[in-house]
Amino acid sequence: MELDPWGAGEVKNYDHVFKKFGLNPIPASISKSLKFRLFERGIVIAHRDFDKVYARIKAKKPFINMTGIASSGPLHFGHKVDLDLFIFFKKCGAKNYFSVSDIDAYVSRPDKKIPSLETAKKWGIENLAHALALGLNEKDVFVQSQKESRYYEFTFELSKKITKKTFEAIYGHLDLGKVSANLLQYADIMHPQLPEYEGPMPSVTGIGLEQDPHARATRDIAKRLPYGIVTPGFIYFQHQSGLKLGTKMSASHPETAIFLDDAPEAAAKKVSRAFTGGRPTVEEQRKLGGRPEICKVHELLKFHYPNTKRWEKLVKDCKDGKWLCGECKQFTGKFVSDFLKDHQKKVKTKLKIAEKIVLGK
Ligand code: SF4
């Protein structure tokens with residue numbers, strides 16, 4: 001199987017992907033000790049060199065925490081996972097670099113989606129307001145189109161460290177817009193280790209499995225640079241799937257995704273129509289129990305419900321047939337709509353500051 005960074009497919013066989021691309025599963029001891037739901041519940045599943053970052057966390061030493069938003073469309077609950085991870089690592093003592101990737105979004109997306117840099121900036125402002133409302137600190141944000149000259153020197157320098165052949169071997173094709181976007185992404189991840197910023201130290205970037213080609217290319221380039229850069233580390237999280245069977249949560253399937261700007265009642269309605277692991281009749285469900293492992297309502301709780309004890313109890317009650325799909329959908333719909341009401345109030349207060357940051361005014 002191939003991994004396509006720009007695709008929207010759902011990964012079905014994780015073990016196969018781990019083996020093929022040489023990823024390491026996250027050890028249970030690390031997942032347990034970090035005490036964060038995305039680790040505890042097995043959503044962060046694999047890594048490259050995360051052990052170096054983990055050692056820094058344990059030793060209370062700084063490390064680099066880097067991620068970004070694509071600025072190419074509305075954010076949904078799947079994107080929230082990445083933001084929640086970034087905010088978690090900040091609390092672990094990281095040096096934080098959060099990219100608003102406006103140039104990347106424009107050059108790598110087709111014109112019918114992002115027709116101008118202004119459109120990418122518009123999405124950048126909106127996405128950033130959501131990220132700030134989720135707890136991102138504005139001091140940790142940088143915007144590609146507002147970066148200083150050293151960042152751009154470095155971005156162009158990277159073009160000498162990857163050949164056409166390597167690029168084609170990793171990505172399977174060569175498209176000039178995507179080449180430019182990739183150079184920016186490599187720079188986003190590695191520039192914090194330049195002497196003008198933090199200097200060399202372990203770093204972590206959270207990505208979905210289909211982004212692994214970028215991770216491999218970044219790590220390969222890091223080894224060819226003259227700055228003593230510590231090979232960047234990555235953790236891989238499972239993508240939240242859509243509310244129907246067979247898709248990952250994606251803006252291309254709006255009816256199966258819950259967006260952070262969905263009206264709260266409309267989001268609860270989407271939950272009520274989601275695919276469940278329930279049985280055909282109440283009697284059967286009482287007798288055999290539900291199947292949370294295939295249930296999209298359960299997946300929403302697994303990825304986002306903050307109270308792990310309560311979540312574990314709900315899963316057990318579902319499996320024991322004590323908790324039925326009707327009440328579960330109502331509970332989850334209320335959780336989602338309450339979250340959105342509160343979140344959207346905060347977003348309104350962050351729009352002005354997001355605009356100031358993205359436009360550099
Ligand atoms: Fe899914 Fe909830 Fe039904 Fe269990 S009770 S199958 S978690 S909707």
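Which residue in S4 is the bridge partner of Gly68? The partner is Ser99, and the first view below places this pair in its setting.

All views show a predicted model, in which local features need pLDDT of at least 70, side-chain atom pairs count only at pLDDT 80 or more, and totals for chains, interfaces and linings use all residues. Residues are numbered from 1 along each chain as its sequence is written.

**View 1. Strand S3 and its parallel partner S4.** Helices (H or I, at least four residues) and strands (E, at least two) are DSSP runs, numbered from the N terminus. Two strands are said to pair if DSSP finds at least two bridges between them. Strand S3 (residues 64-69) is joined to strand S4 (residues 95-100) in the parallel sense by six bridges. Together with helix H5 (residues 77-91), S3 and S4 form a right-handed β-α-β unit; a crossover is right-handed if, with the strands pointing away from the viewer, the path from the first strand over the helix to the second runs clockwise.

**View 2. The two faces of S3.** A residue is buried if 20 or more other C-beta atoms lie within 10 Å of its own, exposed if 12 or fewer, and partly exposed in between, with C-beta atoms placed from the backbone. Six of the six residues of S3 are buried, so the strand is largely enclosed by the rest of the structure. In a regular strand the side chains alternate between the two faces of the sheet. Ile64, Met66 and Gly68 point one way from S3, whereas Asn65, Thr67 and Ile69 point the other way.

**View 3. Strands S6 and S7 with helix H11.** S3 also pairs with strand S6 (residues 203-208), in the parallel sense and over two bridges; Ser203 of S6 is the bridge partner of Ile64. S6 in turn runs parallel to strand S7 (residues 233-237), to which five bridges join it. In this pairing, Gly208 has Phe237 of S7 as its bridge partner. Helix H11 (residues 212-222) completes a right-handed β-α-β unit with S6 and S7. Eight of the eleven residues of H11 are buried, so this helix is largely enclosed by the rest of the structure. Among the buried residues of H11 are Asp212, His214, Thr218 and Ile221.

**View 4. Strand S2 and its antiparallel pairings.** Four of the five residues of S2 (44-48) are buried, and the strand is mostly covered. S2 pairs with strand S1 (residues 24-25) in the antiparallel sense over two bridges, and His47 of S2 is the bridge partner of Asn24. S2 also pairs with S7 in the antiparallel sense, over four bridges. There, Ala46 is matched with Tyr236 of S7.

**View 5. Two loop residues with positive phi.** Asp49, in the loop between S2 and helix H4 (50-58), has a phi near 60 degrees, a positive value in a residue other than glycine. Asp49 is partly exposed, with 19 other C-beta atoms within 10 Å. Lys60 lies in the loop between H4 and S3 and has a positive phi of about 55 degrees although it is not a glycine. With 8 C-beta neighbours inside 10 Å, Lys60 counts as exposed.

**View 6. The largest nonpolar core.** A nonpolar core is a set of buried Ala, Val, Leu, Ile, Met, Phe, Trp, Tyr and Cys residues joined through C-beta atoms within 7 Å. The largest such core holds 88 residues, of which Leu128, Tyr186 and Phe237 touch the most other members. Helix H7 (residues 117-133) supplies the largest share, eight residues. At least three residues of this core come from each of domain 1 (14-242) and domain 2 (254-350); the domain bounds come from an automatic or database domain assignment.

**View 7. The shell around the ligand.** A residue is near a molecule if its C-beta atom, placed from the backbone, lies within 6 Å of it. The ligand is surrounded by 15 residues, the closest being Gly290, Cys295, Cys318, Cys325 and Cys328. Helix H14 (296-304) and helix H16 (325-359) are the elements that give two or more residues to this shell, and H16 provides the largest share, three residues. By class, the shell has eight nonpolar, five polar and two charged residues; Ala, Val, Leu, Ile, Met, Phe, Trp, Tyr, Cys and Pro count as nonpolar, Asp, Glu, Lys and Arg as charged, and the others, Gly among them, as polar.
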